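Trainee: Please take one part of this structure and go through it closely. I am new to it, so explain the terms as you use them.

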Amino acid sequence: MPIDLSTIRAIDVHVHAEVSCHDPEDPVMGQFFDAASAYFKAPRERPKMPEIVELYREAQIAFCLFTVDCESHIGAKRVSNFEIAEFAAKHDDICIPFASIDPHKGKMGAREARDLVENCGVKGFKFHHIMQGCNPGDQMAYPIYEIINHYKLPAIFHTGHSGMGTGMRGGGGVRLKYGQPMLVDDVAVDFPDMKIILAHPSWPWVDESLSMALHKTNVYIDLSGWSPKYFAPQIIQYANTQLRKKMLFGSDFPLIHPDKWLDAARGVGFREEILPGIMKDNAARLLGLV
């Protein structure tokens, strides 16, 4: 059943599946969940996928669902991309499956990416190079990017500060430098058919993301991971003007509840006629739903 845009009020492009329906929580990942929950002042318990879809269906919000594969750098077992794709196929009236593949997996990662797209209905990809321990422009990731570019799919790249590792000794081994948005600029040039979504307001490099989205036709920004009441003024300025078709609603659930984000967005200065694009219409075009 395809998504009926007339029955939903928003599309959340940034929702995490952090625990499997079948396997226990990975203990290494659990340490990062503890720290992130403390940083965001969010509940520690991570909902499983059936709970997520129930919440979003009740809220009438479609959503992109993904895990983060950081097996090489962090040593935490990922939630299976195939499990997410299989679950999303059963709830395709509201759930859009994205996949995450550690860039260190190179050509084997590219094989998995192709399989997920061709046989499992995956509609996009998620990278978190801070947690994956590498530069977004590292050539080892290019075989995976080539698959995404070939199918002209979107890919979400974490940018800016990360709640993952915040407060942990040595930041949990996480290096924030890999979240600098300009590191993705080479990828945007080399893979012009990949629709790149720079995740989060990108603090402390906010202006880099705005510049890239203004300069590159294939670069967009999702506004997840922060309550809109904390956005830098230039985000509101550009969302209301030159980047009005490039800004996307994302929550970063389960760390931020989608309704909490949407409620805050109505009071920070977005022009009334701009909000429908941010909430739904821009993502619907990017995801090929219209």
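Mentor: Two strands pair if DSSP finds at least two bridges between them. Strands (E, at least two residues) and helices (H or I, at least four) are DSSP runs, numbered from the N terminus. This is a predicted model: local features need pLDDT of at least 70 and side-chain atom pairs count only at pLDDT 80 or more, while totals for chains, interfaces and linings use all residues. Residues are numbered from 1 along each chain as its sequence is written, and side-chain values use heavy atoms, with hydrogens and water left out.

The part to follow is strand E3, residues 95-99, with the elements around it. Strand E2, residues 61-66, pairs with E3 in the parallel sense through 3 bridges. Within this pair, Phe63 stands opposite Cys95 of E3. E3 has 5 of its 5 residues buried (under 20% relative accessible area with a 1.4 Å probe, protein chains only; exposed is over 50%), so E3 is largely enclosed by the rest of the structure. Cover comes on both faces: Cys95, Pro97 and Ala99 are buried on one side, Ile96 and Phe98 on the other.

E3 also pairs with strand E4 in the parallel sense, over 2 bridges. Phe98 has Gly124 of E4 as its bridge partner, and Ala99 has Phe125. Between these two strands the chain passes through helix H5, and this β-α-β crossover is right-handed (clockwise from the first strand over the helix to the second, with the strands pointing away from the viewer).

Helix H5 covers residues 106-120; at 1.5 Å a residue its 15 residues should span 21 Å (1.5 Å times one less than the number of residues), which agrees with the 20 Å between its end C-alpha atoms. Its buried residues are Gly106, Gly109, Ala110, Glu112, Ala113, Leu116 and Val117. Seen down the axis, these fall within an arc of 165° (taken from the directions from the axis to the C-beta atoms), so they line one face of the helix. Lys107, Met108, Arg111 and Asn119 are exposed on the other side of H5. The buried residues pack against E3, E4 (124-127), helix H4 (81-89) and helix H7 (142-150). Directly after H5 comes Gly121, with a positive phi near 75°.

E4 is covered on both faces as well, with Gly124 and Lys126 buried on one side and Phe125 and Phe127 on the other. Strand E5, residues 154-158, runs parallel to E4 and is joined to it by 3 bridges. There, Ala155 is the bridge partner of Phe125.

Phe125 also matters for the count of contacts in the core: Phe125 and Leu65 have the most contacts inside the largest nonpolar core, which has 86 residues (a core is a set of buried Ala, Val, Leu, Ile, Met, Phe, Trp, Tyr and Cys residues joined through side-chain atoms within 4.5 Å). Beyond its neighbours within four places in sequence, Leu65 is in contact (heavy atoms within 4.5 Å) with residues including Cys95, Ile96, Pro97 and Phe98 of the strand we began with. Its other contacts include Val15, Met49, Ile84 and Phe87. Apart from this core lies another, of 16 residues, among them Met29, Phe33, Ala42 and Val174.
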